[in-house]
Amino acid sequence: MMISTRTLGIASPLTVSALGLGCMGMSEFYGTPDPDAGLATIRRALDLGVTFLDTADMYGPFTNEELVGRAIAGRRDEVQLATKFGIMRGQNGERLGVNGRPEYIQAACDASLQRLGVDHIDLYYQHRVDPNVPIEETVGTMKELVAAGKVRHLGLSEASAETIRRAHSVHPITAVETEYSLFTRDVEDEVLPALRELGIGLVPYSPLGRGILTGTMTAESVSGTGDARSTKYFPRFQGQALEANLALAAKVTELATARGCTPGQLALAWLLAQGDDIVPIPGTRRVKYLEENSAAVRLELSGDEVEALAAAVPRDAVAGSRYGDMSSVNG
């Protein structure tokens, strides 16, 4: 059964699958990459109607776009392809800062098009706001990419409500990508109201709380080599904070058992119930979990169930910041 669609944005609308696929973990951050499994997962996603694919130049670095390009070869017309620029990395993975300068944007877009093997990007995000470049200047350059036919729609990632308003005044912003889940709800305060006022869609990344809302995580499961969650960069997965957060996740598991679904499906259904302008992009490297996640689209929750989930995971009960360094978030 093919999944339904939703439309991101009003002034520059983009219709996408109601659930997307985050491809980052196929190349980096969550253990040893398995490109063959990633290819199989993306291709299975397209078969299921999960056609909204999310990548970025810095994932890998650079290799994730190449992987996505290989996976969609011959099927480009089925896909709504999103990628990002702005977080600079070297060939060895070193982080080189954030860049929103016009000349960099032009070069980054051309490089992404080449790696992806496509002639246009459906949704092009600024990955993080560059504090040293006015957002009007950055979006002005992104607007030029639209005029050139290289990009169809524009997005921002982890931007503040004020920045979004200023960007939208230069060119319609179709979507804003930010972290949003039962475990991370600060977007509800200022950003989501601004998006709805302006007619901009919301694309939640890490909608399963970086895996903790699947109900399968233990303290040992995030200690592996190459798993970024085991580092101080993610305080929610350290020591006592992790213990507290696993206890919260267990409450979601209890509700899911009563509902006859998996915890991850319930967490995704909760997000989908927050509004038709919201399209979560859970990431996975395995066909099994892709199929499980996609079934969440058909899980309709009652108002009481939505409230019960929010009450099971109170906003102020989640332990730890979502990043160890929040300086580049909400710019």
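This is a guided tour of charged side-chain contacts and one pocket, to be followed in the viewer. The model on the screen is a predicted one, and a search through the whole of it finds 20 salt bridges, of which a few are visited here.

**Stop one: Asp276 and Arg6**

Begin by selecting Asp276 and Arg6, whose side chains meet in a salt bridge at 3.6 Å, taken from N to O. Asp276 sits in the loop between helix H8 (263–272) and helix H9 (287–294), while Arg6 belongs to strand E1 (residues 5–8), so that the pair links distant parts of the chain, 270 residues apart. Show the surface and look at each partner in turn: is Arg6 buried or exposed? Arg6 is buried, because its relative accessible area is 14% and the limit for buried is under 20%. Asp276, by contrast, counts as exposed, with a relative accessibility of 60%, since exposed means over 50%.

**Stop two: the pocket beside Arg6**

Keep Arg6 selected and add Leu272, Val297, Leu299 and Glu300, which together are the residues nearest the centre of the second largest pocket, out of 13 that line this pocket. The elements that each give two or more residues to this lining are E1 and H8. The space in the second largest pocket comes to about 200 Å³. If you colour its lining by residue class, you should find eight nonpolar, two polar and three charged residues.

**Stop three: Arg89 and Glu28**

Move next to Arg89 and Glu28, where the side chains form a salt bridge at 2.7 Å, N to O. Arg89 lies in strand E6 (residues 87–89) and Glu28 in the loop between strand E3 (21–22) and helix H1 (35–48), so this contact ties together parts that are 61 residues apart in sequence. Both Arg89 and Glu28 are buried.

**Stop four: Arg166 and Glu136**

Now select Arg166 together with Glu136, whose side chains meet in a salt bridge at 2.8 Å, N to O. Which helices does this pair link? Arg166 is in helix H5 (residues 161–170) and Glu136 is in helix H4 (residues 135–147), with their positions 30 residues apart in the chain. Arg166 counts as partly exposed at 30% relative accessibility, and Glu136 is likewise partly exposed, also at 30%.

**Last stop: a network**

To finish, select Glu158, Glu179, Arg210 and Arg322 at once, and show their side chains as sticks, for these four residues are linked in a network of salt bridges.

Key
Residues numbered from 1 in each chain as written. Predicted model: local features only at pLDDT ≥ 70, side-chain atom pairs only at ≥ 80, totals over all residues. Heavy atoms only, no water. Helix = DSSP H or I, 4+ residues; strand = E, 2+ residues; numbered from the N terminus. Buried < 20%, exposed > 50% of the residue type's maximum accessible area, 1.4 Å probe, protein only. 1 Å grid on protein atoms, 1.4 Å probe; cavity = no way out; pocket = protein on both sides within 12 Å on 5 of 7 lines; lining within 4 Å. Points joined across faces, edges and corners; volume = space filled by probe spheres on them. Nonpolar A, V, L, I, M, F, W, Y, C, P; charged D, E, K, R; others polar.
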